[in-house]
Amino acid sequence: MKEEQILEKIFDKVETIPTFPKVAQQALELLRDENIDFKRLEKIIKSDPGIVANFLKLVNSPAFGLPQKIDSLFKAFMFLGVNQIKFIIIASVAKNYFDRPLKGYGIDAEGMWLHSITCGFIAEEIAFKLGLNPAKIEAVYIASILHDIGKIVLDLYMDLEIEEFYSAMKEHPDWDFIQIEWLVLGVDHGLVGAYLLEKWHFPKSISFAIRAHHDPDLMIQSEVAGIVALANALTNYLGIGMGVDAFYYRLPEDLLSFLNLSEKDIYKLLKTGLYKMLTFQREF
Amino acid sequence: MQLKVNKGYYQIVKNKAVELITEDLGAGIALGVIDEEKNSGGICVFVLPYKEHDIELDTGEVILSGESLIPIFFEELKNNNINVDKARYVIAGAGNFRAFPKGLNINNVNEKLIRGLIKKYLIPEENITYKTGYNTKIKLKVDLAKGKFKVIIGEKEEEL
């Protein structure tokens, strides 16, 4: 297939990806209020049974450390902090996007899901360490958990053109995987993911972070982008949900100094990320 | 039968046609062993280097770092009568990005650690094969039915 034909099909495929649910958007908006109306929040979320089911499953994971089994949304809200509620709402939506294997990228469904959630856990730790404000923390949650959403659009074409990918990688051994994606498909998964988030009317800081997560120049142009890129890298160092492209990228020399993180911080983040993922995986 | 060996753990098998397999290793390391004479072998896997990185889960399980795991693994190899200085070894993993900041050299720290630790056991260098430092995902298999190591690099399997 010619590159232009592939690109046309990719953008047709983008149109078939279900929109980020309005219910979740409304819930996140409500959670930005100073005085949160939890009854209203419950009513909003309850209107989407899929999100409710995922929310209750997630909230009972030991990774969220609640002292007892939770069987209702309202009870969950009483135990959780606002940030945790936001994280779980976003993860509840993400679960429905990352429910199938990505054959072209060589990731099974469980790996894809664990990769996204672990990236979210690590990104959260970095955001807390940097003392980000609530709006930025929310942006970090959305961008980190959904950073690879572009892969679900590209996977079919990646799979169809897999031989092209391998021969391009052989022919251009110095190229990063985003350059290979551009050569074969005419677009990369970061750009497609960013396009989706823009289409769903998320703030520019979120789509930029998704666009930038493999671009060494862009990822150090915003705090949210740097956090997402580093959290994704640490998730790959831990070997969680790695695709064939896992390490086929470059990270800039000043990524850690940009985020004011030391080598010691990195090991703490890796330890926390692995702990949370193992705790999460056990029950989910 | 295939047995998965998770990060922070080891598995030793004697006289069984079992295939041991790791998860994706990331920057972590898998050390595989085959003693053909004794029809035995094993794998140990770690992703974080030092004792201070051991992780205790709320179930009481401990995910061991390389520094904690390697001595226990060798102790158990000896307890299982595996001939440590005659066995064959594969060290796989320690992946990293094509370029990375100095503070993100977890792969190098892990590889240096294992190279240092196994020196204590006086293993002849020719008995060790290194499959480290790739820019893609990697897994190690120890196939005790065939007495072979298999390294899966990206989507390709290599037999050793």
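User: In this predicted model, which residue of S11(B) is the bridge partner of B:Lys141?
Analyst: Strand S10 (residues 138–143) of chain B and strand S11 (residues 148–153) of chain B run antiparallel and are joined by 6 bridges. In S11(B), the residue bridged to B:Lys141 is B:Lys150.

User: Which are the edge strands of the open sheet of chain B with the order S1-S3-S10-S11-S12?
Analyst: This sheet has 5 strands and mixed pairing. Its neighbouring strands are turned by 20 degrees against each other on average, direction ignored. An edge strand pairs on one side only, and here that describes strand S1 (2–5) and strand S12 (156–159) of chain B.

User: Which residue in S5(B) stands opposite B:Gln11?
Analyst: Another open sheet of chain B has 5 strands in the order S2-S5-S4-S8-S9, with mixed pairing. Strand S2 (9–14) is one of its edge strands. S2(B) runs antiparallel to strand S5 (residues 40–46) of chain B, with 6 bridges between them. Opposite B:Gln11 in S5(B) stands B:Ile43.

User: What angle does the direction of helix H1 of chain B make with that of S5(B)?
Analyst: Helix H1 (residues 66–79) of chain B packs on the sheet and touches S2, strand S4 (29–35) and S5 of chain B. The angle between the directions of H1 and S5(B) is about 170 degrees.

User: At what angle to S4(B) does helix H2 of chain B run?
Analyst: Helix H2 (residues 106–119) of chain B lies across S4, strand S8 (88–93) and S9 of chain B. Relative to S4(B), helix H2 runs at about 30 degrees.

User: Are H12(A) and H13(A) roughly parallel or roughly antiparallel to each other?
Analyst: The axes of helix H12 (residues 189–199) and helix H13 (residues 204–212) of chain A come within 7 Å and cross at roughly 165 degrees. Angles over 145 degrees count as roughly antiparallel. Therefore H12(A) and H13(A) are roughly antiparallel.

User: How many residues of the contact of H12(A) with H13(A) are nonpolar?
Analyst: H12(A) passes H13(A) in a right-handed crossing. The residues in contact include A:Leu191 and A:Leu197 of H12(A) and A:Ile206 and A:Phe208 of H13(A). Of the contact residues, 3 are polar, 2 are charged and the nonpolar ones number 7.

User: What radius of gyration does chain A have?
Analyst: The secondary structure of chain A comes to 16 helices and 0 strands. For 284 residues, a compact globule would have a radius of gyration near 19 Å. Chain A agrees with this, at 19 Å.

User: How many residues on the side of chain B that touches chain A are charged?
Analyst: The contact takes 29 residues from chain B and 29 residues from chain A. On the side of chain B, 13 are nonpolar and 9 are polar, while the charged residues number 7.

Definitions and conventions: Residues are numbered from 1 along each chain as its sequence is written. Chains are lettered from A and ligands numbered from 1 in the order in which they are written. This is a predicted model: local features need pLDDT of at least 70, side-chain atom pairs count only at pLDDT 80 or more; totals for chains, interfaces and linings use all residues. Two residues are in contact if their C-beta atoms, placed from the backbone, lie within 7 Å. Ala, Val, Leu, Ile, Met, Phe, Trp, Tyr, Cys and Pro count as nonpolar, Asp, Glu, Lys and Arg as charged, and the others, Gly among them, as polar. Axes are lines fitted to C-alpha atoms, for helices over the stretch in contact, and angles run from 0 to 180 degrees between N-to-C directions. Helices (H or I, at least four residues) and strands (E, at least two) are DSSP runs, numbered from the N terminus. Angles under 35 degrees count as roughly parallel, over 145 as roughly antiparallel, 65 to 115 as roughly perpendicular and the rest as oblique. A crossing is left-handed if the near helix is turned anticlockwise from the far one by less than a right angle, and right-handed if clockwise. Two strands pair if DSSP finds at least two bridges between them. The radius of gyration is taken over C-alpha atoms; the globule rule is 2.2 Å times the number of residues to the power 0.38.
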